[in-house]
Amino acid sequence: MRSLLTVAAATALLFLTGTVPSVADDGDGADRTFTIEDSRITESSGIAASRLHPGIYWTHNDSDDGPYVYAVDSRTGKTVATITMKGVGDPRDVEAISVGPDGNLYVGDIGDNLDGSWDHVWIYRFPEPKRLADATVRATQFDVTYADGARNAEAMMVHPKTGRVYIASKREGGGALYEGPEKLAAGGDNVFRRVGEVPWVTDGAFSPDGKELVLRSYFSARRYAFENGRLGADHAVSVPLQGQSESVTYTADGSAMMFGSEGKQSEVVRVEVEGGGRTSPNGGGGGTSSGDGGEDGVSKKGTATGGAVAVVVIVLALIVAKRRRG
């Protein structure tokens with residue numbers, strides 16, 4: 001569940017302060033900025049780079065869709081496989097997806113639109129398909145609870161070396177990072193324990209080497225050093241301005257981050273990792289801790305005209321969406 005007031009106010013703030021970022025420009029081939037073309041994917045709420053299929057990104061809808069996961073080719077934006085999970089209950093609020101070192105896809109049904117009213121949430125796990133084709137797969141379902149009580153969350157990350165699962169909760173005043181058990185167990189509660197404090201978070205992802213964790217919100221992102229299961233020093237990352245900023249993942253080679261958004265034909269935007277890849281002609285893309293980066297992680301490059309257009313489009317879209325839901 002989103003706060004229209006929060007999003008609109010933050011959007012207006014971006015315009016007034018001129019903090020509309022430049023991002024990496026489009027390019028040919030895989031792992032570049034692309035648009036999700038599938039008309040069924042209207043609420044892409046999580047994204048993960050395939051480890052088996054170069055240029056393929058796994059995603060899913062937020063809610064009211066069913067047990068489906070989609071493989072989207074970044075070269076074309078088209079869906080090349082639809083996976084139907086069986087052996088799980090009716091998904092309630094699917095918010096995140098991640099690929100583990102065991103070759104499995106982990107799907108986080110961890111959202112709680114009533115902000116902590118559900119006594120447990122779920123994680124689903126199934127092997128990443130070796131062949132890209134529509135298929136039905138049996139998934140394992142894990143019950144998840146929190147040691148300090150139920151809460152809302154939209155970010156779930158599997159460490160690429162240890163395989164341990166982490167969840168970042170989402171709260172207006174700031175959330176927390178939770179660490180799952182060493183191994184998830186089916187048939188019983190998997191208790192996640194608080195191990196760190198984080199800001200408002202809509203998604204997160206580990207770098208392929210597991211040494212960094214990026215956490216994003218609607219209009220900002222931060223990269224944290226990560227060692228021995230704990231957060232270290234952090235710095236701001238430049239992020240694209242998107243209508244409903246919901247997802248982030250690293251490319252499989254770790255050279256860039258891919259930022260996604262909800263909505264029909266939503267765009268997934270490549271942003272270069274600092275020192276890890278090419279830079280756009282406009283000079284945007286890389287993470288920054290000083291210079292062109294603002295305190296909230298939004299690059300101060302960009303134009304007021306572009307900001308005005310973005311504000312009008314986003315606010316109108318939010319108003320229309322609110323009226324339709326009402």
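In this predicted model, pLDDT stays under 50 over residues 277-326. For that stretch the model has 97 contacts beyond four places in sequence. Residues 1-28 also keep a pLDDT under 50, and here the model has 75 contacts beyond four places in sequence. Where pLDDT is low, the predicted coordinates should not be read in detail. For the protein chain as a whole, the average pLDDT is 81, and 75% of the residues score at least 70.

**The eight-stranded sheet**

Eight strands form an open sheet in the order E6-E7-E8-E10-E14-E13-E12-E11, and the pairing is mixed. The edges are strand E6 (96-99) and strand E11 (153-158). Each of these two has a single partner strand, so one side of each is left without a neighbour in the sheet. On average, neighbouring strands of this sheet are turned by 30 degrees against each other, direction ignored.

Within this sheet, strand E13 covers residues 175-179 and strand E14 residues 189-198. The two pair in the antiparallel sense over five bridges. Glu 179 stands opposite Arg 193 in E14.

**Strand E4 and its partners**

Strands of a sheet pair through backbone hydrogen bonds, either parallel or antiparallel. Both senses occur in the group of strands described here: E4 and E5 pair antiparallel, while E5 and E9 pair parallel.

Strand E4 spans residues 68-73. How much of E4 is buried? Five of its six residues are, so the strand is largely enclosed by the rest of the structure. The cut-off behind this statement is a relative accessible area under 20%.

Strand E3 (residues 56-60) is joined to E4 by four bridges, and the two run antiparallel. Tyr 57 stands opposite Val 72 in E4. E4 also pairs with strand E5 (residues 79-86), in the antiparallel sense and over five bridges. Among the facing residues, Ala 71 stands opposite Ala 81 in E5, and Tyr 70 stands opposite Thr 82 in E5.

E4 and E5 form a hairpin with five residues between them. Gly 77, in the turn, has a positive phi of about 80 degrees. E5 pairs in turn with strand E9 (residues 135-138), over four bridges and in the parallel sense. The bridge partner of Ile 83 in E9 is Ala 135.

**Salt bridges**

Side chains of opposite charge can pair when their charged atoms come close. The structure holds twelve salt bridges. The table gives three of them.

| Salt bridge | Closest N to O distance |
|---|---|
| Arg 194 and Glu 197 | 3.2 Å |
| Glu 212 and Arg 223 | 2.4 Å |
| Arg 222 and Asp 234 | 2.5 Å |

Take the pair Glu 212 and Arg 223, whose side chains meet in a salt bridge. Glu 212 lies in strand E16 (residues 212-216) and Arg 223 in strand E17 (residues 221-227), so the pair ties together parts that are eleven residues apart in sequence. Glu 212 has 22% relative accessibility and counts as partly exposed. Arg 223, at 6% relative accessibility, counts as buried.

Arg 222 forms a salt bridge with Asp 234. Arg 222 lies in strand E17 and Asp 234 in strand E18 (residues 230-237), so this pair ties together parts that are twelve residues apart in sequence. Arg 222 is partly exposed, with a relative accessible area of 22%. Asp 234 also counts as partly exposed, at 36% relative accessibility.

Which residues are joined into one network by salt bridges that share partners? They are Asp 148, Arg 151, Arg 194 and Glu 197. Within the network, the side chains of Arg 194 and Glu 197 meet in a salt bridge. Arg 194 has 39% relative accessibility and counts as partly exposed. Glu 197, at 52% relative accessibility, counts as exposed.

Key. Residues numbered from 1 in each chain as written. Heavy atoms only, no water. Pairing = 2+ DSSP bridges. Axes fitted to C-alpha atoms, helices over the stretch in contact; angles between N-to-C directions. Buried < 20%, exposed > 50% of the residue type's maximum accessible area, 1.4 Å probe, protein only. pLDDT = per-residue confidence, 0-100. Contact = heavy atoms within 4.5 Å. Salt bridge = Lys/Arg side-chain N within 4 Å of Asp/Glu carboxyl O.
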